Amino acid sequence: MITNSAIQNQQLRPATDKNQSLVLTPLQDLGGFLFHHLGRLLLFLITCSSVLLVLLIFFFVIREAIPFLTKFSLTEFLTTKSWYPEAATPKFGALSLIVGSLYVTIAALIFAVPTGILAAIFLSDIVSLKVRDFIKPVIEILAAIPSVAYGFFAVLVLAPWMQNKWGFTTGTNALNASIILSIMALPTIISVAEDSISAVGRELREASYGLGATRFETIFKVVIPAAHSGIIAAIVLGMMRAIGETMVVWMASGNANQIPSPWWDLSQSVRTMTATIAGDMGETPKDSPHYWSLFAIGVVLLLMTFLLNIISEYFLASAKKKTGKS
Amino acid sequence: MRHIIRQITDRAFTILTGTSVVLLAFALLVILGPMLWRGSKAVIFKDTVEFRKMQLDLYNRGNPANLKVENAETESFRKTVYETIDDFKHGIDTEELIDRTKQIYRQLGKELRYKGVTDEEYQRIRSLARELRDRLQAAFESNDKKVIKENINYVLRYHLDENLAETSAVEFFTLAEDFQQSVENIDLNKRQQYAGSLQQIEEIIFHLLGPRPGDPLPALTMNRYGATRWDLAQKLLDNLLWSEKWIQKEAAQPLVKIRVSRAEEFAGTKLEPLFGYVQNNLDKMLKPEFTVYWQYFIDDSTPGHYFGGVGPEILGTLLLTLLAMLFVFPLGVISAAYLVECASDNIAVRIIRMSINTLAGVPSIVFGLFGLAFFVLFFIPLFGGPSKPCILAASLTLAVLTLPVMIRASEEAIRSVPQSYKEASLGLGASKFRTFMRVTFPVALPGILTGVILSLSRVAGETAPILFTGAVALGPLPKSLFDPTMTLSYGSYDIAVGDRLAMMVPHNQYGMVVTLVLLILCLNTIAIVLRARVSRKLRGQ
């Protein structure tokens with residue numbers, strides 16, 4: 001009733017002029033055709049801006065790194081540990097930086113992967129939708145907190161606490177950075193893993209339960225094997241997040257250019273690639289070897305994440321294919 | 001038996017998965033809880049009269065007449081503190097006393113010259129005064145009470161000497177008497193220690209009460225006011241009452257920190273009552289009042305981040321994010337529209353999708369490098385702009401960074417518009433373009449807005465991309481888009497790690513980062529609510 005009167009109150013306008021012929025003239029027809037195709041082309045070109053941007057990123061970062069590669073040896077860059085960019089005879093051995101990045105990333109994953117997968121299982125298989133609606137915002141907020149706030153927490157809360165309670169010589173160390181990194185990687189891991197675990201159909205689960213398996217057995221022997229490519233993709237994406245993270249490692253890892261020895265000693269300071277770029281770029285004059293070397297590190301980072309991206313896409317695609325079939 | 005084990009593993013597993021989620025919630029609580037609590041102190045706290053003075057001087061806020069009354073009241077209580085310290089100092093600060101004797105001696109010489117005494121007399125009085133001066137100095141410098149007494153008595157013998165009457169030299173005697181009195185209660189061997197401790201105490205009092213009335217105004221703004229906050233005043237009071245010492249309790253053991261009461265340290269001296277007095281009358285000297293300093297969010301900070309708020313940082317963050325949105329919104333929506341409405345699954349679209357994923361995976365610091373190499377050094381100079389970090393370069397960099405987020409969110413929003421809507425429109429003879437503009441886009445708009453808000457929150461928190469493209473820690477307000485700006489994100493970094501001044505004021509450190517976190521949480525909450533409403537609407541409820 002209400003909607004009827006509302007319509008009556010509105011002035012009804014005819015969509016087209018009554019006297020106009022419904023058949024289009026050839027010119028109008030051509031115009032429409034051109035409009036359609038030119039419009040499509042325009043939209044396509046605008047959409048291609050993402051491709052253009054990716055190319056520009058690769059081009060400009062590599063362009064600034066090329067002088068470094070022509071003047072210094074690449075093998076020395078990748079295999080030696082001495083990083084003295086401002087010395088009289090500068091040395092650019094980025095090995096300990098690369099190792100540092102991988103070190104905190106892997107340590108972070110050791111914390112984050114079990115927690116993340118368990119949480120994903122909890123969300124998809126164990127609790128009701130209502131409880132899930134409560135937990136989801138927690139994860140979303142964890143993902144939304146900016147990295148600089150995490151870094152702030154690491155420096156001003158976690159570091160002094162570690163120093164006082166655990167007796168570490170320094171509070172800003174690999175352990176601190178990797179704890180924070182793991183918290184930051186968790187939302188990514190959880191959401192991707194949960195998607196793939198949920199995508200495993202009811203049928204598989206019900207078949208397993210029907211055979212008398214417990215929930216633990218169903219999840220471990222049926223659901224996780226079925227969802228494994230999605231879970232791997234989740235881990236790779238979490239790794240990408242951790243390896244590319246800058247502010248937290250810059251603030252919390254201690255920035256000491258060394259490879260921890262013994263290798264399992266997380267209480268030592270390390271320095272990562274991202275932190276080196278962030279920390280050094282401010283004081284580096286343009287077009288100096290140091291400046292180029294930082295771009296070279298940027299290229300290494302870019303290639304690493306690009307590779308990880310391809311791997312994650314491969315696994316996501318295969319996960320999609322699998323669930324699509326079942 | 002096996003059945004029980006299976007059941008137990010099952011239960012244990014359930015509990016384990018639950019624990020991981022509890023751990024997550026715990027992490028969130030541990031990270032946000034203390035931060036929010038301490039950050040709230042930047043806005044809600046007990047201020048002191050010093051804070052009100054600062055507000056009046058720097059921001060022209062508050063009631064000058066009231067403040068004057070308060071000032072007079074507090075100063076009447078503060079006077080005792082200064083008097084006690086000065087009194088005690090007479091016996092302790094020998095350097096000052098020696099300086100004083102030298103001054104008196106010089107003064108006397110000048111006086112005699114104008115008095116018109118004969119040469120002979122002049123010489124005699126001068127030599128007597130020199131003698132007195134040297135005796136006094138010997139007394140001041142000595143640690144032996146006997147020597148002091150001897151010298152002082154020697155000086156006081158000339159107390160009634162006619163030649164010295166009504167000249168500056170009489171001050172020698174008051175000095176001698178004062179010194180005699182104050183020395184009586186002091187263990188002279190401790191004088192050195194007292195002097196060191198006294199210096200600390202004077203410094204604490206300076207930080208607590210600000211410069212003494214009548215003293216020249218310090219050059220730095222931060223030194224012009226005493227404790228502006230009651231919690232700071234309490235901390236300083238604790239420092240005043242207790243000194244910390246590192247001692248070795250047992251041989252070959254690390255040093256242990258102990259707290260020593262300063263009142264005990266100065267027991268029996270004239271300074272002893274000071275501690276009780278300050279403790280009991282601190283509230284009268286500072287007049288604490290509960291306050292909500294909401295201007296924290298609009299005030300400029302000065303100097304460093306010692307006083308004031310985060311106004312310029314908020315402004316800079318808003319400028320950067322909104323500008324970035326301006327660039328990325330059309331690009332993102334058009335790309336999403338093309339991908340949903342027009343694209344078929346061909347090689348070009350696959351490349352586009354792959355590019356978007358790559359773009360999403362590029363580390364933020366590499367965006368910073370790209371912004372520096374492309375926007376700062378190449379793109380903006382290409383159009384005649386200055387080749388230096390600026391707001392425009394930073395926001396363009398942020399726009400590139402957030403493009404994949406924007407595209408994905410818009411794509412999802414456009415995709416979730418029910419097919420029947422589009423079909424109805426197409427069935428009425430509307431063209432595809434018209435359908436999109438009149439039907440799909442309006443329906444998808446709230447969903448797209450959710451994406452915009454989420455991108456905003458992402459952009460507001462990003463620090464690494466703007467490090468080299470347009471953020472500064474401290475600087476003037478930007479006058480154009482070609483100036484760099486302060487931002488909350490970079491400010492949070494700098495205030496935590498780089499800013500030595502801010503380390504003395506933790507509430508300001510936390511205040512900055514909490515402002516950033518709150519801004520982002522607000523944006524996210526809006527997005528979550530909006531998304532829930534949209535999905536309810538599309539489901540037809």
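**Exercise 1. State how far apart the centres of domain 1 and domain 3 of chain B lie, and place this in the overall form of the chain.**

Taken over C-alpha atoms, the centres of domain 1 of chain B and domain 3 of chain B are separated by 46 Å. The model is a predicted one, in which local features need pLDDT of at least 70, side-chain atom pairs count only at pLDDT 80 or more, and totals for chains, interfaces and linings use all residues. Residues are numbered from 1 along each chain as its sequence is written, while chains are lettered from A and ligands numbered from 1 in the order in which they are written.

Next, take the bounds, which come from an automatic or database domain assignment: domain 1 of chain B comprises 47–69 + 202–292, domain 2 covers 83–184, and domain 3 covers 307–538.

Finally, turn to the whole chain. Chain B has a radius of gyration of 37 Å, whereas a compact globule of 541 residues would have one near 24 Å; the radius is taken over C-alpha atoms, and the globule rule is 2.2 Å times the number of residues to the power 0.38. Along the principal axes, the C-alpha atoms of chain B fill a box of roughly 125 × 80 × 50 Å.

**Exercise 2. Identify the elements of chain B with the lowest and the highest mean pLDDT.**

Begin with the inventory: chain B holds 19 helices and six strands, these being DSSP runs numbered from the N terminus (helices H or I, at least four residues; strands E, at least two).

Then compare confidence, for which pLDDT is the predictor's value for each residue, from 0 to 100. Among the elements of chain B, the lowest mean, 74, belongs to helix 7 (residues 170–184), and the highest, 91, to helix 15 (residues 391–415). For chain B as a whole the mean pLDDT is 83, with 96% of its residues at 70 or more.

**Exercise 3. Locate Asp287(A) and Asn60(B), and explain why each counts as exposed.**

Asp287(A) is found in the loop between helix 13 (273–281) and helix 14 (289–325) of chain A, and its phi is near 60 degrees, a positive value in a residue other than glycine. Asn60(B) lies in the loop between helix 2 (49–59) and helix 3 (64–92) of chain B, with a positive phi near 55 degrees.

For the second step, a residue is buried if 20 or more other C-beta atoms, placed from the backbone, lie within 10 Å of its own, exposed if 12 or fewer, and partly exposed in between. Asp287(A) counts as exposed because it has 10 C-beta neighbours inside 10 Å, and Asn60(B) counts as exposed because it has 8.
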